[in-house]
Amino acid sequence: MSRRRISPRVDLIFKEILADPARLLDFLNGVMAPTVLVEVQVLNPEIPKDRMDQKAIVLDVAAKDEKGRRYQLEMQVVAHSFLKERMLSGWSHVYAQQLEKGQDYTELQPAISIWLLEEALWTEGPAMRRFQVRSEEHTSELQSPCNLV
């Protein structure tokens, strides 16, 4: 009997592979180079709703490193027409959910959203792209913790 391989692109398998902190650390160090992470903690991937009428969000993998930076990792097989908006929405929730009531905004740490796509979103240019929130007119960033990879 031949053994069939299960693709790591299958959501459940992707989550299982990166649920191991050692594997996740290796993966993040590969993607984030030259930045070197020392430790990573896997977090609950469910982002609680603030209101009953709000859309529920469950990330594939959520993590936090030793400096408090937050990570969202997503595997996406189909590049839906609304995927760019979904990427930015997910990132904003990961960024915003850090603060508890009464915490100061200066305690916010970078939020990094990493999406692995089977289909390309852009037809030209590099496969790996890094985005940040910045001014159109100047090179100044609004906030350095805004990263989509």
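**Salt bridges, cores, rings and a pocket**

Let me start with one residue, E118, which has a relative accessible area of 44% and so counts as partly exposed, since that class runs from 20% to 50%. What you see above is a predicted model.

The partner of E118 is R9: the two form a salt bridge, with 2.6 Å between the closest N and O atoms. This pair connects distant parts of the chain, 109 residues apart. R9 sits in the segment before α1, while E118 sits in the loop between β6 and β7, the latter being residues 146-148. R9 has a relative accessibility of 42%, so R9 is partly exposed as well.

How many salt bridges does the structure hold? There are two. The other one to name joins the side chains of D65 and R69, at 2.5 Å from N to O. Are D65 and R69 buried or exposed? Both are buried.

Now the overall layout. The protein has three helices and seven strands. Starting at the N terminus, the order of elements is α-α-β-β-β-β-β-α-β-β. The chain has 149 residues, and 31% of them count as buried.

Next, the nonpolar cores. The largest one has 16 residues. Inside it, L24, L28, M32, Y71, L73 and I114 have the most contacts. Which elements give two or more residues to this core? They are the helices α1 (11-18) and α2 (21-32), and the strands β4 (61-65), β5 (70-76) and β6. Helix α2 provides the largest share, five residues. There is also a second core, separate from this one, with eight residues; W91, Y95, L108 and A111 are among them.

Two of those names, W91 and Y95, come back when we turn to aromatic rings. A pair of rings is described by the distance of the centres and the angle of the planes. Searching the whole structure gives two aromatic pairs. In one, the ring centres of W91 and Y95 are 5.3 Å apart and the planes stand at 10°; stacked means under 30 degrees, so this pair is stacked. Both residues belong to helix α3 (residues 83-96), where they are four residues apart, about one turn of the helix. The relative accessible area of W91 is 9%, which is under 20%, so W91 is buried. Y95, at 14%, is also buried.

The other pair is W122 with F131. Why is it called tilted? The centres are 5.6 Å apart and the planes are at 35°, which lies between the 30 degrees for stacked and the 60 degrees for edge-to-face, so the pair is tilted. W122 is partly exposed, at 31% relative accessible area, and F131 is partly exposed, at 34%.

Last, the pockets. The largest pocket has a volume of about 370 Å³. It is lined by 20 residues, of which W115, L117, A127, M128 and R129 are the closest to the centre. Which strand gives the most to the lining? Strand β6, residues 111-117, does, with four residues. By class, the lining counts 15 nonpolar residues, one polar and four charged.

To close, strand β6 is worth following on the model in front of you: it gives two or more residues to the largest nonpolar core, it gives the most to the lining of the largest pocket, and the loop between β6 and β7 holds E118, where I began.

Technical notes. Residues numbered from 1 in each chain as written. Predicted model: local features only at pLDDT ≥ 70, side-chain atom pairs only at ≥ 80, totals over all residues. Heavy atoms only, no water. 1 Å grid on protein atoms, 1.4 Å probe; cavity = no way out; pocket = protein on both sides within 12 Å on 5 of 7 lines; lining within 4 Å. Points joined across faces, edges and corners; volume = space filled by probe spheres on them. Nonpolar A, V, L, I, M, F, W, Y, C, P; charged D, E, K, R; others polar. Phe/Tyr/Trp six-rings, centres within 6.5 Å; stacked < 30°, edge-to-face > 60°. Buried < 20%, exposed > 50% of the residue type's maximum accessible area, 1.4 Å probe, protein only. Core = buried A, V, L, I, M, F, W, Y, C linked by side-chain atoms within 4.5 Å. Salt bridge = Lys/Arg side-chain N within 4 Å of Asp/Glu carboxyl O.
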